[in-house]
Amino acid sequence: MNFATLEAKIHRYNPRGDLGLVEKAYEVALAAHAEQRRVSGEPYIDHPLAVAGCLADLELDLPTLAAGLLHDVVEDSSYTLEEIREGFGEEVAGMVDGVTKLSRIEHLSREEMQAENLRKMVLAMAKDVRVILIKLADRLHNLKTLKYLPEKKRVEIARESLEIFAPLAHRLGIFRLKGEMEDLALYHLEPEKYKEVAEKVSRKRREREEYINNLVAVLQEKLVAVGIAADIQGRPKNFYSIYKKMYTQNKDFSQIYDLVAIRVIVDNVKDCYGALGIVHALWKPIPGRFKDYLAMPKSNMYQSLHTTVIGPTGEPFEIQIRTWEMHRTAEYGIAAHWRYKEGTPTDRAMDEKLAWLRQVMDWQHDLRDAKDFVETLKIDLFDDEVFVFTPKGQVIDLPTGATPIDFAYRIHTDVGHHCAGAKVNGKIVPLDYRLKSGDITEILTNKNSAGPSRGWLALAVTSGAKNRIRQWFKTKNREENLARGRDSLEKESRRQGFDAAELLRPEWLEVARRRYNLGTTDDLLATVGYGGLSTVQVISRLREEYRKEKKVAAETGGAVAGTSGGAGGPGSAGSPGALNAAGAAGVAGAAGAEAAERVWQGYGKAVNGVRVKGIDNVLVRFSRCCLPVPGDRIIGYVTRGRGVSIHRWDCPNSKELLAEPGRLIEVAWDRAEETQRPVEIRVQANDRAGLLADVAGAVAEKGVNILTARVRVDKKRTALVDVTMEIASLRELEGIMERICALPGVVKAERVAREKVH
């Protein structure tokens with residue numbers, strides 16, 4: 001790609017456009033990136049040119065192309081956003097600012113930085129959708145050049161592309177970008193499976209093309225006979241779609257019928273239904289496989305008739321029928337409607353078509369944590385939808401798995417707050433009923449009701465419903481929320497083996513308050529109280545401050561005033577902390593080595609990642625009752641003939657162990673030795689299809705190995721998922737449990753501990 005090629009692309013769809021703005025942007029980008037090279041060794045200017053070229057393929061307006069050329073200038077050169085604003089105006093500067101990544105913020109992990117970047121991008125997108133179009137083009141070109149990056153980085157970018165960017169492209173209806181992005185991401189995430197799919201498709205290509213050509217010829221002849229002008233073409237299915245059916249739905253390649261697909265493009269809506277009649281007269285339709293997205297367009301503006309029929313050889317195949325305008329929307333999505341005339345979109349329905357993006361602005365204010373924001377965004381990006389009718393015939397689109405609670409809040413906040421029950425197709429249904437396409441749904445309200453139940457948070461699927469419920473509890477009783485929040489944090493502190501008064505220090509609560517962008521520490525406690533933040537999230541943040549102070553103490557050879565052991569190192573002799581052992585803080589350098597030596601004075605050598613006070617090379621075994629992991633507060637129990645048994649401080653057997661104080665011994669994790677320990681957790685959730693797969697996926701995302709998994713469902717359709725996995729640290733476990741708790745329908749996740757097991 002060079003600038004001449006870019007100009008040619010623009011002239012094809014905008015022959016009268018003044019390219020002065022684009023030329024100026026290219027000159028600035030060329031100068032800004034003059035000395036820079038990509039990891040591949042190519043001149044850096046190739047990247048913004050490729051991004052602008054992709055935007056030109058989507059036939060976007062000239063300010064967007066200029067912003068595409070400038071999208072990395074502020075981040076990667078000495079140019080400032082103010083200089084971009086002065087040279088190109090507020091419109092271009094606003095888009096560049098929306099795409100520019102955040103500067104590194106101190107004390108944020110890589111995962112948090114990534115979440116903050118996505119948060120900023122999505123909020124900028126809600127103000128100007130062209131921001132995400134530039135970002136999608138940027139990500140697509142990065143995927144095309146991933147091979148030059150280290151494997152770990154390739155996998156991170158590819159996974160993020162599948163989880164966030166491809167679904168965003170789908171939500172905005174840009175299927176041209178979505179399919180290419182999914183295939184490129186799959187190539188880097190599952191190279192062997194990608195090659196397997198590619199080889200199978202290649203082997204069947206000639207046979208499939210001949211079959212499609214015969215079908216097209218027959219259909220074309222019939223349409224001409226009734227006077228319907230149509231362009232008929234075969235529709236290739238992208239590799240990722242085939243991969244999903246083969247490996248997530250356990251289908252054999254021969255069972256994937258929509259490899260054979262035909263697309264019929266006609267001049268008007270009348271001809272769409274006329275062509276459908278011809279198709280059904282030629283081939284027998286499969287019941288239940290007809291979808292009318294003309295009458296009920298998808299939320300991403302997609303319109304088409306879909307039908308699956310039995311072909312002449314008995315093989316099912318899919319046919320899509322649409323107009324040329326619908327086809328353009330299907331290929332380019334929101335970009336197809338982004339036409340500027342003197343700076344104003346000509347499509348007056350644009351705001352309605354961007355309704356989902358406007359909703360983002362409504363619910364993002366209640367999600368203070370960037371990671372929560374991104375997880376909620378993922379839930380809202382699910383592409384499966386159900387179309388439900390109000391009693392008056394209005395169509396409401398909701399994500400698959402939505403309940404009457406989601407429907408009620410979609411109608412109006414007051415309808416949701418006063419919901420007393422629901423009727424579906426004339427019959428009373430429970431509030432956990434999963435709505436299906438075509439359901440006529442009526443919400444029964446009671447103006448005298450006390451308001452929503454906290455249990456509704458587990459029933460609701462949509463972020464809009466969840467956030468309106470949380471908002472209600474947030475404003476209803478602040479004092480009650482404050483008390484509940486403090487009580488929850490104190491209980492969680494004690495559960496993790498800490499002194500609550502020590503961990504909930506005002507200065508550490510202030511750090512957590514700033515991290516979650518809340519006004520006061522009381523706001524933090526109240527937010528925990530009404531469910532806006534989980535106790536695990538906040539305690540994890542407070543523990544980080546605790547570890548920092550322990551590390552300083554270890555490096556200076558001092559002690560942390562007022563502590564009783566915990567997650568930093570051995571406790572002081574004679575105190576309850578003497579029985580803890582959450583490990584010594586890592587230290588570096590000569591001074592650090594001396595400090596570490598002082599910390600471990602009197603301890604034996606590490607065995608299985610644990611040091612025992614006063615004993616060297618003793619047999620160390622981990623109890624099966626509480627399954628401790630590095631980072632847990634632990635105690636040692638001297639057994640008869642089986643060495644020292646390691647237990648968590650809050651083990652169910654702790655009373656029994658403490659009854660024999662003479663057999664307790666001080667132990668501590670050795671941070672220098674990485675060990676993986678089995679941990680069992682129990683997930684309580686509302687039963688639904690794919691629950692176990694989602695839980696397993698949340699664990700796999702963190703690179704953790706699952707040893708066993710078991711699901712039980714009771715009569716009330718509550719599922720209990722028991723998962724045993726190998727964990728390297730308590731922090732890793734907390735991250736996994738946070739991720740699982742964010743899954744749709746999950747009520748809680750907790751560690752399992754058993755009594756009378758040694």
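Here is a friendly conversation about a predicted model, taken one question at a time.

Student: Let's start with the cysteines. How many disulfides does the count come to?

Tutor: Take C651, whose nearest cysteine sulfur, that of C625, is 3.5 Å away. A disulfide needs two cysteine sulfur atoms within 2.5 Å, so C651 is in no disulfide. For the structure, the count comes to zero.

Student: Is C651 buried or exposed?

Tutor: Buried means under 20% relative accessible area. C651 has a relative accessible area of 1%, so C651 is buried.

Student: On to the nonpolar interior. How many residues does the largest nonpolar core have?

Tutor: Residues with the most contacts inside this core include L6, V22, L55 and L136. I10 belongs to that group too, and I10 touches P15, L19, V22, A56, L62 and L65, leaving aside residues up to four places away in sequence. The largest nonpolar core has 67 residues.

Student: How many residues are in the other core, the one with W456 and Y530?

Tutor: This core lies apart from the largest one. Among its members are A402, C419, W456 and Y530. Its size is 26 residues.

Student: Now the open sheet of four strands. Which strands stand at its edges?

Tutor: The order in the sheet is β21-β22-β20-β23, with antiparallel pairing. An edge strand here has a single partner strand, so one side of it is left without a neighbour in the sheet. That is the case for β21 (706-713) and β23 (746-751).

Student: Which residue in β23 does Q684 stand opposite?

Tutor: Strand β20 covers residues 677-686. β20 and β23 pair in the antiparallel sense over five bridges. Opposite Q684 in β23 stands K748.

Student: Which helix lies across β20, β22 and β23?

Tutor: Two helices are worth looking at here. Helix α29 (residues 691-701) lies across β20, β21 and β22, and runs at about 25 degrees to β22. The helix that lies across β20, β22 and β23 covers residues 730-741 and runs at about 165 degrees to β23; that helix is α30.

Student: Let's turn to charges. How many salt bridges does a search of the whole structure find?

Tutor: Side chains of opposite charge can pair when their charged atoms come close. One example is the network of salt bridges that links R682, R710, R712 and D722. The search of the whole structure finds 28.

Student: How many residues apart in sequence are the parts that D61 and R130 tie together?

Tutor: The side chains of D61 and R130 meet in a salt bridge at 3.0 Å, N to O. D61 is buried at 10% relative accessible area, and R130 is buried at 2%. D61 lies in the loop between α3 and α4 while R130 lies in helix α8, so the parts tied together are 69 residues apart.

Student: In which helix is E91, which meets R130 in a salt bridge?

Tutor: The side chains of E91 and R130 meet at 2.8 Å, N to O. E91 is partly exposed at 34% relative accessibility. The pair links parts of the chain 39 residues apart, with R130 in helix α8 and E91 in helix α6.

Student: What separates R85 and E82 in helix α6?

Tutor: Their side chains meet in a salt bridge at 3.0 Å, N to O. R85 is partly exposed at 27%, and E82 is partly exposed at 41%. Because R85 and E82 are three residues apart in this helix, the separation is about one helical turn.

Definitions and conventions: Residues are numbered from 1 along each chain as its sequence is written. This is a predicted model: local features need pLDDT of at least 70, side-chain atom pairs count only at pLDDT 80 or more; totals for chains, interfaces and linings use all residues. Side-chain values use heavy atoms; hydrogens and water are left out. Buried means under 20% relative accessible area, exposed over 50%, partly exposed in between (1.4 Å probe, protein chains only). A nonpolar core is a set of buried Ala, Val, Leu, Ile, Met, Phe, Trp, Tyr and Cys residues joined through side-chain atoms within 4.5 Å. Contact means heavy atoms within 4.5 Å. Two strands pair if DSSP finds at least two bridges between them. Helices (H or I, at least four residues) and strands (E, at least two) are DSSP runs, numbered from the N terminus. Axes are lines fitted to C-alpha atoms, for helices over the stretch in contact, and angles run from 0 to 180 degrees between N-to-C directions. A salt bridge is a side-chain nitrogen of Lys or Arg within 4 Å of a carboxyl oxygen of Asp or Glu.
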